[in-house]
Amino acid sequence: MTGAFDRAWQISLWRIACLFVVALVIGILLDAIGLTLFAASVAVLAYGLWRMRQLYRWLAGRSRRAPVDDDGIWGATYRLLARRQRSEIARKRRLLRLLRAFRTTAAALPDATVVLADDGAILWFNTAATRLLGLSYPHDVGGHFSNLVRSPRVTAWLDTDGSENLLDIPAPTDDAIRLGLRLIPYAEGQRLLVARDMSKLMQLEQVRRDFVANVSHELRTPLTVVHGYLDLIEPDQLPELEPILAELRGQSRRMTQIVEDLLTLSRLEAQDSLPQERVAMGAMLRTLKREADALSQGRHTVTVESSTDVDVLGSTKELHSAFSNLVTNAVRYTPAGGQIRIQWLARGHEPVFAVSDTGQGIAPAHLPRITERFYRVSTSRSRDSGGTGLGLSIVKHVLQLHQARLTIDSEVGVGSTFSCVFGVERALEPAAIGDEA
Ligand code: ADP
C-alpha cells in the first residue's frame with residue numbers, strides 16, 4: 001500500500017518537475033523566465049485546488065467509483081478512499097444482515113419481549129408481545145408500558161428494580177392466559193421485559209395444590225376416628241399394651257398435626273389477600289410468652305422486649321400462627337437452660353418481630369432451603385422434637401401475604417434469630433386507649 005503511494009508520489013513529483021523544466025525552457029526562449037515559472041506555479045496550485053473540489057464533490061455525492069484514474073497522488077488517494085468506502089459499505093451490509101437475523105429470531109421467540117426505556121417507554125417489541133400483551137405496532141412504540149398493560153401489580157413491580165419475577169399475571173388479551181414477567185437490565189438506560197405464557201405450569205401447580213388439599217382433607221376424618229378411639233382406651237384397661245398405645249397416640253397426634261399444617265398451607269396458598277385489621281401487638285406478645293412458657297415448662301428463660309408501641313395491619317389469626325411457629329421452634333431447638341428472647345422493635349421505620357434463641361443453630365448451607373416444605377436440618381432430631389417440617393413454610397406464606405420478609409441469622413452452637421420484617425405501610429400508630437383488643 002505504502003509502496004504504491006510512494007510510486008504515485010514520485011510520478012507526481014516528476015510531472016511537476018517536468019512542468020517546471022518545460023516552463024524554464026520556454027522562459028529562456030521567450031526571455032521571460034520569471035513569468036513562465038510563475039505561470040507553472042499557478043497551474044500546479046490551480047490543478048491542486050480543482051482536484052480538491054472534485055474530491056469534495058465525490059465524497060459528498062453517492063458515487064462509489066473513483067472519478068480520477070491517473071498514476072499520481074490524486075489517483076492513489078481516490079483509489080484508497082474508494083476501497084475504504086467499499087469495505088465500509090460491505091461491513092454495514094453484514095451488520096444489517098445480522099440485525100435482520102436477530103430481529104427475525106427475536107420476533108419468532110414464543111415469549112413476549114419488550115425493550116423499555118428507563119421511564120417505562122416502549123422502544124421495541126416482538127410479535128409475541130402483540131399476542132400476549134396486546135401491544136400493536138407501530139402505534140404503541142413510544143407509549144408507556146404501564147398505560148398500555150393496565151395492571152396495578154405490573155405498575156408497582158416496574159417501579160421496583162424488578163429483581164424478583166412477577167408471577168401469575170392475567171394476560172391483557174385473554175384472562176385465561178397467565179403470564180410470568182421478568183425484567184432484565186439491558187443496555188444503559190434500557191430494560192428488557194420478558195413475558196412468558198405460564199398457563200400450563202399454573203394449571204399443574206393448581207392440580208398439585210388441589211391434590212395436597214384433597215388428600216389432607218380425606219385423611220382428616222379417618223385420623224379423627226383413630227385418634228378418638230385411642231383416647232377412649234383408658235391406661236388401666238390394657239396395662240400390658242400401654243407402651244404401644246402411648247406410641248400410637250403420639251404418632252396419630254403427629255399425623256393429625258401434619259394434616260392440619262398441610263391444610264393451613266393449602267388455605268394460605270389459595271388466598272390472594274387476608275383480612276386487614278389492627279393486630280394488637282401488646283396482646284400478641286403476652287399470648288406468645290404464655291405459649292412459650294407452657295411448652296418450655298420452666299426449662300428455658302423466656303423474655304419479651306417491646307421497644308415500639310406500633311401495631312401491625314394484617315390478620316391476627318395468621319400472624320399469631322406464624323409468630324407462634326417461630327417461638328415453638330425456638331423452644332424445641334434450644335436445650336434446657338437456654339434463653340429465648342421475643343422482641344418487637346422498629347428497625348428504621350420498619351416494624352420487626354424477632355425470636356432469638358441460644359439453641360443449636362443452623363449451618364449456612366441449610367438456610368436457603370430451610371423454608372421448604374418438610375425440609376429439616378436433621379431429620380431424626382426434628383422428628384423427635386415433634387415438628388412436622390411445615391412450620392417455616394407456613395411462616396413464609398403468612399409473611400408473603402403481608403408483603404413482609406423473613407430473615408434468619410444463625411450460628412451453629414450459638415443460636416438463631418428469626419426476624420419478620422414488615423413494610424412501613426403495615427405500621428399502625430398506637431390505638432387510642434380502650435381500642436386495644
Ligand atoms: P419442624 O416442624 O421440623 O420444626 P420447621 O419448618 O418449623 O419444621 O423448621 C424446619 C427445620 O429448621 C427444623 O427441622 C429445624 O431443623 C430447623 N429449625 C427451625 N427453627 C430452628 C431454631 N430456632 N433453631 C435451630 N434449628 C431450627
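A residue is called buried when its relative accessible area is under 20%, exposed when this area is over 50%, and partly exposed in between. The legends below use these words for a predicted model.

**Figure 1. Glu318, a buried residue in helix H10.**
Glu318 belongs to helix H10, which runs over residues 316–332. Its relative accessibility is 4%, and because buried means under 20%, Glu318 counts as buried. When residues up to four places away in sequence are set aside, Glu318 touches Arg267, Leu268, Leu274 and Val398.

**Figure 2. The whole chain, as a setting for the close-up views.**
The chain is made up of 437 residues, of which 37% count as buried, and it contains 12 helices and 13 strands. Its radius of gyration is 41 Å, whereas the globule rule gives 22 Å for 437 residues, so the chain is more spread out than a compact globule. Taken along the principal axes, the box filled by the C-alpha atoms is roughly 150 × 50 × 45 Å. Among the contacts in the chain with a separation of 6 or more, 59% are between residues 24 or more positions apart. The chain exposes about 26,400 Å², and carbon and sulfur atoms supply 59% of this area. The chain also carries 51 positive and 48 negative charges, and the mean positions of these two groups are 15 Å apart.

**Figure 3. Residues 12–29, listed by UniProt as a transmembrane region.**
The name "transmembrane region" comes from an unreviewed UniProt entry, which lists residues 12–29 under it. In the model, residues 12–29 are 100% helix and 0% strand, and the C-alpha atoms at the two ends of this span are 26 Å apart.

**Figure 4. Residues 91–142, annotated as a PAS domain, and the cis peptide bond at Pro138.**
The annotation "domain: PAS" is taken from an unreviewed UniProt entry and covers residues 91–142. This span is 48% helix and 19% strand, and its end C-alpha atoms lie 30 Å apart. Tyr137 and Pro138 are joined by a cis peptide bond, with omega at about 0°. Pro138 is placed in the loop between helix H4 (127–133) and helix H5 (145–148).

**Figure 5. Ile184, a partly exposed residue in strand E4.**
Strand E4, which covers residues 174–185, includes Ile184. With a relative accessible area of 28%, Ile184 is partly exposed. Apart from its neighbours within four places in sequence, Ile184 is in contact with Arg191, Leu192 and Val194. Ser163 is 21 residues away from Ile184 in sequence, and the C-alpha atoms of these two residues are 8.0 Å apart in space.

**Figure 6. Leu262 in helix H8 and Phe374 in a loop.**
Leu262 lies in helix H8 (residues 242–270) and counts as buried, at 13% relative accessibility. Once residues up to four places away in sequence are left out, Leu262 touches Val212, Ser216, Arg373, Phe374 and Leu390. One of these residues, Phe374, is found in the loop between strand E10 (350–357) and helix H11 (379–384). Phe374 is partly exposed, with a relative accessible area of 42%, and its phi is near 60°, a positive value in a residue other than glycine. His227 and Leu262, which are 35 residues apart in sequence, have C-alpha atoms 18 Å apart in space.

**Figure 7. Gln297, an exposed residue with a positive phi.**
Gln297 is located in the loop between helix H9 (281–296) and strand E7 (301–306). Its relative accessible area is 67%, and Gln297 is therefore exposed, since the word applies to values over 50%. Although Gln297 is not a glycine, its phi is positive, at about 50°.

**Figure 8. Ser416, a buried residue in strand E12.**
Ser416 forms part of strand E12, which covers residues 415–421. Ser416 has a relative accessible area of 5% and is buried. Leaving out neighbours within four places in sequence, the residues in contact with Ser416 are Val355, Ser356, Asp357, Gly361, Ile362, Asp409 and Ser410. One of them, Ile362, is 54 residues from Ser416 along the chain, yet the C-alpha atoms of the two residues are separated by 7.2 Å.

Technical notes
Residues numbered from 1 in each chain as written. Predicted model: local features only at pLDDT ≥ 70, side-chain atom pairs only at ≥ 80, totals over all residues. Heavy atoms only, no water. Helix = DSSP H or I, 4+ residues; strand = E, 2+ residues; numbered from the N terminus. Rg over C-alpha atoms; globule rule 2.2 N^0.38 Å. Buried < 20%, exposed > 50% of the residue type's maximum accessible area, 1.4 Å probe, protein only. Contact = heavy atoms within 4.5 Å. Areas by Shrake-Rupley, 256 points an atom, 1.4 Å probe, with all protein chains shown as cover. Lys, Arg positive; Asp, Glu negative; His and termini not counted. Charge placed at Lys NZ, Arg CZ, Asp CG, Glu CD. UniProt positions renumbered as here; feature names shortened; annotations may be inferred.
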